[in-house]
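Me: Could you take a close look at one part of this structure for me, and then set that part in the context of the rest? A connected walk-through would be lovely.

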Amino acid sequence: MTTKTTLGFIGLGVMGEPMCRHLVQKTSADVTVHDINAAPVTRLVTQGARDGGSLAEVAKADIVFISMPSGAHLQRICEGPDGLLAFARPGQMIVDLSTSPLKLTRELAAAFAAKGADYADAPIARTRAAAEAGTLAITVGATPEIFARVEPLLRCFAAEVTHCGEVGSGQVVKILNNMVVVGTVTALCEAAAIAESAGIDRQALFEAFAKGSADSFALRNHGFKAVAAREFPERVFSTDYMLKDVSYALEMARDGGIDAREAALGARLLGEASQQGFGANYWPVIIKVIEGAAR
């Protein structure tokens with residue numbers, strides 16, 4: 001008789017809750033959940049999940065997914081006195097869906113391996129709407145065997161799942177992707193500010209860009225929908241979250257002896273935006289820093 005795989009999910013925030021919901025709805029597995037906030041736990045329980053009530057209870061699952069806002073949160077979840085490492089066992093798998101520092105990812109993978117448990121980094125990309133629709137993009141760092149085991153589960157909430165290499169490679173690709181996007185949007189923000197100072201409407205500017213060589217995903221999404229529209233809501237990918245990711249990129253650059261000047265500029269703009277009270281706003285709000293510097 002085949003034993004049914006059990007799943008655990010820790011972290012039911014803006015992205016975690018819809019991802020977990022897809023697992024509950026699309027798999028036959030028993031899904032045990034945990035979060036410090038009761039509301040998303042209650043909602044998921046009504047849809048078939050089980051409230052674990054503690055990390056120790058969720059740690060009983062065969063495969064445990066983690067969705068945390070930062071590497072510091074991930075480290076506490078794993079290394080705390082009642083953290084996942086204390087309960088790790090042979091055959092178990094830990095899947096980190098967060099965007100986490102490369103060093104920490106490799107250290108945690110080694111610590112779990114010492115307990116006989118497998119580890120995969122699988123940071124997610126795209127928006128809350130994509131999480132709700134099950135169309136996220138995920139870059140995965142894991143052995144081929146571990147990837148083959150976890151890929152079908154990731155595809156419950158992702159349209160694109162890319163195996164990037166060994167543990168840590170998923171984080172490298174995700175972090176550098178965000179670094180490049182920040183550089184592109186910074187250029188768009190500067191272009192918009194310069195154009196308006198010269199009497200050109202930013203919407204018209206971006207429409208012209210979209211017909212030429214400056215067209216890009218960043219233009220069509222962050223440019224038109226945020227910079228041109230002047231829409232920087234909260235509970236979307238925030239300034240503080242993006243600053244975290246770019247900081248991780250700069251850490252990798254320092255470790256590799258690379259002078260990442262454009263990434264440093266992006267981090268400075270994001271840091272200034274946060275200091276000016278925009279830390280919770282959608283991160284293309286950096287245009288306000290750029291415009292303010294011209295006054």
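Reply: Happy to. Let's begin with Cys 20, which sits in helix H1 (residues 16–26); helices (H or I, at least four residues) and strands (E, at least two) are DSSP runs, numbered from the N terminus. A word on the ground rules: this is a predicted model, in which local features need pLDDT of at least 70 and side-chain atom pairs count only at pLDDT 80 or more, while totals for chains, interfaces and linings use all residues. Residues are numbered from 1 along each chain as its sequence is written, and side-chain values use heavy atoms, with hydrogens and water left out.

Cys 20 counts as buried because its relative accessibility is 0%; buried means under 20% relative accessible area, exposed over 50%, and partly exposed in between (1.4 Å probe, protein chains only). Leaving out residues up to four places away in sequence, Cys 20 touches Phe 9, Leu 12, Val 31, Val 33 and Leu 44, where contact means heavy atoms within 4.5 Å. Gly 271, 251 residues along the chain from Cys 20, has its C-alpha atom 32 Å from that of the cysteine.

Helix H7 offers another buried residue to look at. Ala 131 belongs to this helix, and it counts as buried because its relative accessibility is 0%. Its contacts, apart from neighbours within four places in sequence, are Met 15, Pro 18, His 22 and Leu 136. Ala 131 and Glu 17 are 114 residues apart in sequence, yet their C-alpha atoms are 8.7 Å apart in space.

Just before H7 comes a backbone detail worth a glance. Arg 126 lies in the loop between strand E7 (124–125) and helix H7 (128–133), and its phi is near 95°, a positive value in a residue other than glycine. As background, most residues other than glycine have a negative phi. Arg 126 is partly exposed, because its relative accessible area is 46%. Arg 235 also has a positive phi, about 60°, although it is not a glycine. This arginine is in the loop between helix H11 (217–228) and helix H12 (239–255), and it counts as exposed because its relative accessibility is 63%.

Now for the nonpolar cores, each a set of buried Ala, Val, Leu, Ile, Met, Phe, Trp, Tyr and Cys residues joined through side-chain atoms within 4.5 Å. The largest has 37 residues, and Phe 65, Leu 97 and Leu 154 touch the most other members. Helix H8 (residues 144–154) gives the largest share of this core, 5 residues. Not counting residues up to four places away in sequence, the contacts of Phe 65 include Leu 7, Phe 9, Ile 10, Leu 23, Val 95, Leu 97 and Leu 154. Phe 9 thus appears among the contacts of Phe 65 and among those of Cys 20. A second, separate core has 36 residues, including Val 185, Leu 188, Ala 267 and Trp 283.

Helix H9 (residues 169–197) holds Asn 178, a residue that counts as buried because its relative accessibility is 8%. Beyond its neighbours within four places in sequence, Asn 178 is in contact with Phe 237, Met 242 and Asp 245. The C-alpha atoms of Asn 178 and Arg 76 are separated by 24 Å, with the two positions 102 residues apart along the chain. H9 also helps to cover helix H14: the buried residues of H14 have H9, H11 and helix H13 (261–278) among their cover. Those buried residues of H14 (residues 286–293) are Ile 286, Ile 287, Val 289, Ile 290 and Glu 291.

Stepping back to the whole chain, there are 14 helices and 9 strands, and buried residues make up 51% of the 295 residues. Among contacts between residues at least 6 apart in sequence, 67% join residues at least 24 apart. The C-alpha atoms fill a box of roughly 70 × 45 × 35 Å along the principal axes. Finally, the chain carries 28 positive and 32 negative side chains, and the centres of the two sets lie 3 Å apart; here Lys and Arg count as positive and Asp and Glu as negative, with His and the chain ends not counted, and each charge is placed at NZ of Lys, CZ of Arg, CG of Asp or CD of Glu.
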